[in-house]
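Please read the points below with the structure open beside you, and look up each residue as it is named. The points are grouped by topic, and each can be checked on its own.

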Amino acid sequence: MIILVYDFNLKNTHTRLIMIISLFLTVISYDIWFYFMHRLFHTKLLYKYHKKHHEYVISKREAATYGTLVDNGLTSCGGIIVFFILPINIYGCIIGNIYVYLRGFVLHCPILLNNYYLKKIYTDHHLKHHLYFNCNYGQEWLDSLFGTSY
């Protein structure tokens, strides 16, 4: 078992490694949480909280945060929950959450996805979710794993 400690000294290699592991765990935790919460928000019971987000059929960057407080609050807390479950490095957690927040804007914006550099990293996977609705709920690896890719 790997034990990650709260260490605010970034000068030694061990602490930097723990920060990188923490960042990775934060992003993975966010992605898994978001995928399942997003699927739940597409059920009849919860869709009323998510419907506002889907007013953007042709997505743009504003759509990343356009939604209800319940929707945005519950789908985005996966990167924070890991901090309370595992003793991860706070810097890794903060950087990981900033990354997934900014990534959300990229994934909702066709203009950014056509950027020469960004299109080498990201695809239009989530834009298809806004067009076809019941597919592509999260990151490509999770949609592939659970058979929800378009």
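1. Helices here are DSSP runs of at least four residues, numbered from the N terminus, and in that numbering Val70 belongs to helix H3, which covers residues 69-75. Please keep in mind throughout that this is a predicted model. Val70 counts as partly exposed because its relative accessible area is 35%, which lies between the limits of 20% and 50%. Once neighbours within four places in sequence are set aside, Val70 is in contact with Phe41 and Tyr49. Tyr49 is 21 residues from Val70 along the chain, yet the C-alpha atoms of the two are separated by 6.5 Å.

2. How many salt bridges does the model contain? The count comes to 2. In one of them, Asp31 pairs with Arg103, and their closest N and O atoms are 2.4 Å apart. This pair links distant parts of the chain, since Asp31 is in helix H1 and Arg103 is in helix H5 (residues 90-107), 72 residues apart. Asp31 is buried, with a relative accessibility of 5%, and Arg103 is also buried, with a relative accessible area of 5%.

3. Asp124 forms a salt bridge as well, here with Lys128, and the closest N and O atoms of this pair are 3.7 Å apart. Asp124 is partly exposed at 38% relative accessibility, and Lys128 is likewise partly exposed, at 27%.

4. The largest nonpolar core has 5 residues, namely Val106, Leu107, Leu113, Tyr122 and Leu127. Leu113 is a useful residue to select on the screen: leaving out neighbours within four places in sequence, its contacts include Val106, Leu107, Tyr122 and Leu127, and also Asp124. Leu127 can be found again among the buried residues of helix H7, which are His125, His126, Leu127, His129 and His130.

5. Which residues make the nonpolar patch on the surface? Ile32, Phe36, Trp141, Leu145 and Phe146 form a patch of about 490 Å². Helix H1 (13-40) and helix H8 (140-146) each supply at least two of these residues, and H8 gives the most, with 3. Leu145, which is found in helix H8, is classed as exposed because its relative accessible area of 58% is over the limit of 50%.

6. Two residues in the loop between H7 and H8 deserve a careful look at their backbone. Phe133, which lies in that loop just after H7, has a positive phi of about 75° although it is not a glycine. Asn136 is found in the loop too, and its phi is also positive, at about 50°, although it is not a glycine either. As for their surroundings, Phe133 is partly exposed at 28% relative accessibility, whereas Asn136 is buried at 1%.

7. Finally, consider the cysteines. A disulfide is a covalent bond between the sulfur atoms of two cysteines, and this structure holds 0 of them. Why does Cys77 not form a bond with Cys93, the cysteine whose sulfur is closest? The two sulfur atoms are 12 Å apart, which is too far for a bond. For Cys109 the closest cysteine sulfur is that of Cys135, and because it is 19 Å away, it too is too far for a bond. Cys109 is buried, with a relative accessible area of 5%.

Definitions and conventions: Residues are numbered from 1 along each chain as its sequence is written. This is a predicted model: local features need pLDDT of at least 70, side-chain atom pairs count only at pLDDT 80 or more; totals for chains, interfaces and linings use all residues. Side-chain values use heavy atoms; hydrogens and water are left out. Patches are made of residues with over 30% relative accessible area and no salt bridge: like charges are joined within 9 Å, nonpolar side chains (Val, Leu, Ile, Met, Phe, Trp, Tyr) within 5 Å. Accessible areas come from the Shrake-Rupley method with a 1.4 Å probe; for residues, only the protein chains shown count as cover. A salt bridge is a side-chain nitrogen of Lys or Arg within 4 Å of a carboxyl oxygen of Asp or Glu. Buried means under 20% relative accessible area, exposed over 50%, partly exposed in between (1.4 Å probe, protein chains only). A nonpolar core is a set of buried Ala, Val, Leu, Ile, Met, Phe, Trp, Tyr and Cys residues joined through side-chain atoms within 4.5 Å. Contact means heavy atoms within 4.5 Å. A disulfide is a pair of cysteine sulfur atoms within 2.5 Å.
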